[in-house]
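This report walks through selected side-chain and backbone features of one protein model, with the cut-off behind each term given where the term is introduced.

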Amino acid sequence: MPDAFIDATAQAELIRSGEITPGELIEETVARIEKIDPRLNSVVVTLAEKARAEAAAAPDGPFRGVPYLLKEVMPSKGDVYAAGIKGVIAAGLRADHDAYFVQSMRAAGFVLAGRSNTSEMALVATTESEGWGTCRNPWDTSRSTGGSSGGAAAAVAAGLVPVAHGSDGGGSVREPAAKCGVVGLKPTRGRVSQGPAVIDSDNVSGLAHEGWMTRSVRDCAALLDVAGSHRPGDAYGAWTPPGPFTEEVGADPGTLRIGVLTEDPAGGTTVDPQCAAAARAVADVLTGLGHDVREGFPEALRRGSWPMEFMPCIGVVVLREIERFGRLIGRPLTEADMEPQTWAYTEIGRTVTGVQYAAGVDAVRERGRDIERWWEEEGWDLLLTPTLTGQTPPLGLFNPTSEDPFSSLGMEASAFTVPFNVSGQPAISLPLGRAADGMPLGVQLAAAHGREDVLLRVAAQLETAMPWAGLVPPVHA
């Protein structure tokens, strides 16, 4: 059987060479999940029988027979679909269609092996929901995986699958990737279709993006080629380079102008010294690789990572989704069906006027415009930051109550991730740092709108200069 830690590209090569069959690879994946995941709770729905059938009929695409996980917020036909909402989980709702992303993955030959753990409605920066239970970090099972794509990150880190889908509305791919020591990419807004359903109030007014966790930069590139396309009904789009993204891996990026930011420019959060040091160490490597690296960042970030005028709009998004799921299960969802924070958001949503909502969306667009100007008008190529402002916290710090529903450890950690949901720019977290206690630390690169090609070239340079392939957590397949 193949090494559990080889990437999706290598697994596909083994299948093409005849060294292993798709069926054998799926059996190995199912066995790994059954053996390892009880310690992690990263895979909340295992699709063993469905995966066996998909493997047997997998098309001859570039990833024929390679397993992946889908975050339990995106629909796959016939499978549990609850977005982590405990009342919907109890109702046993199943999706009646495949998302376009799922269709694209299947066409490329990928096999859906299961659905990964998430916080309720992907709202929280840790994966400890009442509905799906606590997801544990394979580096230290007493620590958080981050959220909301914590199950995806833990599964890839532990070697259960080489690739896992995630969604990112403020850092929900990059944050768990940093905490679990894997690669996490949030592509440009509109790069990956979120259809065919039109939900989440236009995908939280464009703040929410589809992305993924991988073990290698080349897998990130390949997934952009597989899943990156405009589909009917998509509200957003992204400029596409003339060639495949896979050709960017190993390509010479030339000498790039890279800004470095290791403090919260708004002054609201103190950045952990070890997180800042990890980013500065990468800056030194990039300088050694010939890039022009210096302190610099968009001045718009001094006003905060995102406009607070948008906060009431989140209540409207949550309310609409709670009402939609209620229609799908055939009864209204009540306070007892969800966590206190989710319910509190619905109560806020009932009070928001149309003018307030429009003002919030406008504020997001204005802030995004001002962030993008740093690239567009000042000529920078990349921004380098720590992925997060703090290290991986222990489990149990997020305990919302009816009296204090928003006691979260999320927003303060996300000062470096949220801005690129606001602007829609691509950003990647790379596992390039280690804390004194051995836990992973992520370092983030952000590029101009549509320029994943630049991200991939530099990420591949760093993968060679500071390799992470040999890093294996204590809990692993």
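The sections below cover the basis of the values, a serine and its surroundings, a helix, the aromatic rings and the backbone geometry.

## Basis of the values

The model is predicted, so local features need pLDDT of at least 70 and side-chain atom pairs count only at pLDDT 80 or more, while totals for chains, interfaces and linings use all residues. Residues are numbered from 1 along each chain as its sequence is written, and side-chain values use heavy atoms, with hydrogens and water left out.

Helices (H or I, at least four residues) and strands (E, at least two) are DSSP runs numbered from the N terminus.

## Ser 167 and its surroundings

Ser 167 belongs to strand 6, which spans residues 163-168, and its relative accessibility of 11% is why it counts as buried; that term stands for under 20% relative accessible area, with exposed meaning over 50% and partly exposed the range in between, for a 1.4 Å probe and protein chains only. The side chains of Ser 167 and Lys 71 make a polar contact at 2.7 Å, where a polar contact is a pair of N or O atoms within 3.5 Å of which, within protein, one must be able to donate a hydrogen and the other to accept it, residues adjacent in sequence counting only if both atoms are side-chain atoms.

Once neighbours within four places in sequence are left aside, Ser 167 has contacts (heavy atoms within 4.5 Å) with residues including Lys 71, Ser 148, His 209 and Glu 210. One of these residues, Ser 148, sits in the loop between strand 5 (133-134) and helix 6 (150-157), and the peptide bond leading to Ser 148 from Gly 147 is cis, with omega near 5°.

## Helix 9

Helix 9 (residues 217-227) is mostly covered, with 9 of its 11 residues buried; among them are Asp 219, Cys 220, Leu 223 and Leu 224. At the start of helix 9, the backbone nitrogen of Asp 219 has a side-chain oxygen of Ser 216 within 3.2 Å.

## Aromatic rings

Rings of Phe, Tyr and Trp (its six-membered ring) pair if their centres lie within 6.5 Å, and planes under 30 degrees apart count as stacked, over 60 as edge-to-face and the rest as tilted; the count by this rule is 9 aromatic pairs. Phe 63 and Phe 110 form a stacked pair, 4.6 Å centre to centre with 15° between the planes. Because Phe 63 lies in the loop between helix 3 (48-56) and strand 2 (67-71), and Phe 110 in the loop between helix 5 (100-107) and strand 3 (111-116), the pair ties together parts that are 47 residues apart in sequence. Phe 63 is buried at 6%, as is Phe 110 at 2%, and ring pairs link Phe 63, Tyr 68, Phe 101, Phe 110 and Trp 212 into a cluster.

Trp 374 and Trp 380 form a stacked pair, with 4.7 Å between centres and 10° between planes. Trp 374 is buried at 2% and Trp 380 at 8%. Arg 257 lies over the face of Trp 380, 4.0 Å from the ring centre, under the rule that NZ of Lys or CZ of Arg is within 6 Å of the ring centre and within 35 degrees of the ring normal.

## Backbone geometry

Most residues other than glycine have a negative phi, and most peptide bonds are trans. Gly 195 and Pro 196 are joined by a cis peptide bond with omega about 5°. In helix 8, Asp 202 has a positive phi near 60° and is partly exposed at 32%, whereas Val 204, also placed in helix 8, has a positive phi near 55° and is buried at 18%.
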